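Biologist: Before I rely on the labels attached to a model, I should like each one set against its definition. Please show me the structure first.

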Amino acid sequence: MANLLQIPSDDSVLLRVSHSNLKSFSADVRFSLQMTVESVKEKLWKKSGTSVDSMSLELFDDTGAKVSDLNDNSKPFGFYSPHDGYRLNILDLDPSSVTAGGWLEDTSLVEKYSISEEAYDKLGGTFRKYKEKFASQNPSVVENKITDNYMEDLCANIKVGDRCEVEPGEKRGVVKFVGRAENIAPGFWIGVQYDEPLGKHDGMVRGKRYFTCPSLHGAMVRPEKVKVGDYPEKDPFEEDEI
C-alpha cells in the first residue's frame, strides 16, 4: 500500500468532474495527490452542492473504464492512482438532496409563483403602482399619446400645391406633401418647399423621398404649424417703414 511520503508534494492531476444528478455539470478541476479523499470531497462540495457526508466518488480512466471507488476518506488521493484526463464522478446518495430529481436543471419542475389581481393591487412598490403615479403626475403625456391618425383632422383643408406659411418664423412656401410619414413618427405630416433655403433637406427624409425640391428648401412639419391661403413670395427688397 502506498505511503503518503512516497507521493511528491508538487504532484497534481487535472480531472474531468461529472455528477450523477446533474447531467449538464462538467468541470475540469486540478487536485493535489497529497489531498485526502475527504479534502477532495470538500473541494467538490463547493462546486457541486452535494454535501461531503452524502458524496461518494468514482474514478474512471480516459477510456471510460472504472478504475476504483474512493471509499476511504482518510487515504491520500494519490493512493487511487489518478492521471491527467481521468474522470471523477460524484454520486449524490441523499434522496432529498437539492440536486435530486433534476430540480437545479429543469425549471419546468419549479412551481411558478402566482398572485391574484386583487392581492397584486394591494401591494405597494409594484410597476402598476408606478404607472398609476406617473399618469397622475403627467396627464398630458398619457393623454397625448401619438396615434396613426394624429392631426388628420387638421389636414382637411390642406392640399398639395397650396401656398402656405409655417410657424414659427412666418416661413412661406408651397405644400408638397400631405399624409403619414411612418419613418419619422406616427400621425400626419405636411411637406413644405420653402421659398428660401430655410429647410433641412430636398424632400428626402431618413432615406425615403416624400417630395422633390431644391436642397435646404424642404421641411416636414406638423399640420398645426401650417396655414394655407394667399401667401405670395416675400419681396426680398421690401423694407420696413421708416
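The discussion below takes up the sheet, the backbone and the pocket in turn.

Modeller: This is a predicted model, in which local features need pLDDT of at least 70, side-chain atom pairs count only at pLDDT 80 or more, and totals for chains, interfaces and linings use all residues. Residues are numbered from 1 along each chain as its sequence is written, and side-chain values use heavy atoms, with hydrogens and water left out.

Biologist: How do you know that S6 and S12 pair?

Modeller: Strands are DSSP runs of E with at least two residues, and helices are runs of H or I with at least four, numbered from the N terminus. Two strands pair if DSSP finds at least two bridges between them. S6 and S12 are joined by three bridges and run antiparallel, so the criterion is met. Val 166, for instance, has Val 226 in S12 as its bridge partner.

Biologist: What makes S11 and S12 edge strands?

Modeller: The order of the open, five-stranded sheet is S11-S8-S7-S6-S12, with antiparallel pairing. S11 and S12 (226-228) each have a single partner strand, so one side of each is left without a neighbour in the sheet.

Biologist: Why is Met 151 called buried?

Modeller: Buried means under 20% relative accessible area, exposed means over 50%, and partly exposed lies in between (1.4 Å probe, protein chains only). Met 151 has 9%, and is therefore buried. Met 151 lies in the loop between helix H4 (139-143) and S6, and its phi is near 65°, a positive value in a residue other than glycine.

Biologist: Which class does Leu 216 fall into?

Modeller: With a relative accessible area of 44%, Leu 216 is partly exposed. Leu 216 is not a glycine, yet has a positive phi of about 65°; its place is in the loop between strand S10 (208-209) and S11.

Biologist: What makes the peptide bond from Glu 167 to Pro 168 notable in its geometry?

Modeller: That bond is cis, with omega near -5°. Pro 168 lies in the loop between S6 (163-166) and S7 (171-181).

Biologist: Which residues lie nearest the centre of the largest pocket?

Modeller: They are Trp 189, Lys 200, Ala 219, Met 220 and Val 221, among 19 lining residues. A pocket is an open set of points on a 1 Å grid over the protein atoms alone, where a 1.4 Å probe fits, with protein on both sides within 12 Å along at least five of seven lines; lining residues have an atom within 4 Å of a point. S11 supplies the largest share of the lining, four residues.
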